[in-house]
Amino acid sequence: VWTALGLLLAFAVVCIGTFEATRLTTHVLRSPCTVLGSEVIDVGTCTLCDYGVPTECEVHPIATARLAVTFKPLHSQDNVTGYVWYCKGRAAVDPCQRQSRFLDQLSLDANRYVSSVPPSGPVPCTVGEVFAYMQLHAAEGKEHQCYYSSRDPEGEDVWLTMPSPGLVDHAWFQKHVGYPVFLALGGLVLLSVLLGCLALEGAELWASGLV
């Protein structure tokens, strides 16, 4: 019995250790980068109506955009092309959704340039808002400091503003759910081992007549 508990304990330590080792070795890295071009994509419209009589409606065009940037990842000899996204994935959700991605360049710029861009409309990611924020960085050939995850050296997601490392970890683990599963499984096994030890201890005390 104790051998089985020991094996379960070792399995739990490996699962949790794998998750923690991955988390602790994921960093936000910085590299000089150059803007290559920009692209704005219309993804639909959001129609909002009031409750007046007669009903009045407003149509808001929604867009997503990206800047193509080139940079040299750490320990790499060659440049790669990455993308700075504004409202990434907006085409796959309701155009009238009032929340944007927590790790989107639009959200980062909105906090940094709050006095430089007029307030957005009733929904995020309207064409005017996306274009206004993108134009802050969109000049081709302009040099910037780009930030990327050490787990994403190919530049699938790049930012022009330093993002929170914790949010970068969270976003990476959302795409690689095997690691959170390891953590949950390891925690469940540890709990099972603890309960098993308590049960064995109680059984030994009962057998010895102490309880």
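A pocket, as the word is used here, is an open set of grid points with protein on both sides within 12 Å along at least five of seven lines, and its lining residues are those with an atom within 4 Å of a point. The model discussed below is a predicted one. In this model, the lining of the largest pocket is made up of 13 residues, and those nearest the pocket centre are Asp152, Asp157, Ala171, Trp172 and Lys175. The space inside the largest pocket comes to about 170 Å³. Helix H4, which runs over residues 165-175, supplies the largest share of this lining, with four residues. Sorted by chemistry, the lining of the largest pocket has six charged residues, five nonpolar ones and two polar ones.

Next come the aromatic rings. There are four aromatic pairs in the structure. One of them brings together Phe71 and Tyr148, whose ring centres are 4.9 Å apart and whose planes are at 40°, a tilted arrangement. This pair ties together distant parts of the chain: Phe71 belongs to strand E2 (residues 57-71) and Tyr148 to strand E4 (residues 143-149), with the two positions 77 residues apart. Both Phe71 and Tyr148 are buried.

Tyr179 and Phe182 make an edge-to-face pair, because their planes stand at 90° with the ring centres 6.5 Å apart. Both residues sit in helix H5 (residues 178-207), and since they are three residues apart there, about one helical turn separates them. Tyr179 has a relative accessible area of 25%, so it counts as partly exposed. Phe182, at 35%, is partly exposed as well. The two also belong to a wider group, as Phe19, Phe173, Tyr179 and Phe182 form one aromatic cluster.

Phe182 has further partners to look at. Once neighbours within four places in sequence are set aside, Phe182 touches Cys15, Ile16 and Thr18. Gly128, on the other hand, is 54 residues away from Phe182 along the chain, and the C-alpha atoms of the two are 43 Å apart.

A ring also turns up beneath a charge: the charged end of Arg66 is placed over the ring of Tyr83, at 4.1 Å from the ring centre.

Asp109 is a charged residue located in helix H2 (residues 105-112). With a relative accessibility of 0%, Asp109 falls under the 20% cut-off and therefore counts as buried. Leaving out neighbours within four places in sequence, the contacts of Asp109 are Tyr86, Val114, Tyr133, His137 and Thr161.

That leaves the backbone. Most residues other than glycine have a negative phi. His75 is not a glycine, yet its phi is positive, at about 65°. Cys87, also not a glycine, has a positive phi of about 60°. Where do these residues sit? His75 is in the loop between E2 and strand E3 (80-86), while Cys87 is in the loop between E3 and H2. As for surface, His75 has a relative accessible area of 75%, so it is exposed. Cys87 has a relative accessible area of 3% and so is buried.

Notes. Residues are numbered from 1 along each chain as its sequence is written. This is a predicted model: local features need pLDDT of at least 70, side-chain atom pairs count only at pLDDT 80 or more; totals for chains, interfaces and linings use all residues. Side-chain values use heavy atoms; hydrogens and water are left out. Rings of Phe, Tyr and Trp (its six-membered ring) pair if their centres lie within 6.5 Å; planes under 30 degrees apart count as stacked, over 60 as edge-to-face and the rest as tilted. Buried means under 20% relative accessible area, exposed over 50%, partly exposed in between (1.4 Å probe, protein chains only). A charge sits over a ring if NZ of Lys or CZ of Arg is within 6 Å of the ring centre and within 35 degrees of the ring normal. Contact means heavy atoms within 4.5 Å. On a 1 Å grid over the protein atoms alone, a cavity is a set of points where a 1.4 Å probe fits but cannot get out, and a pocket is an open set with protein on both sides within 12 Å along at least five of seven lines; lining residues have an atom within 4 Å of a point. Grid points are joined across faces, edges and corners, and a volume is the space filled by probe spheres set on the points.
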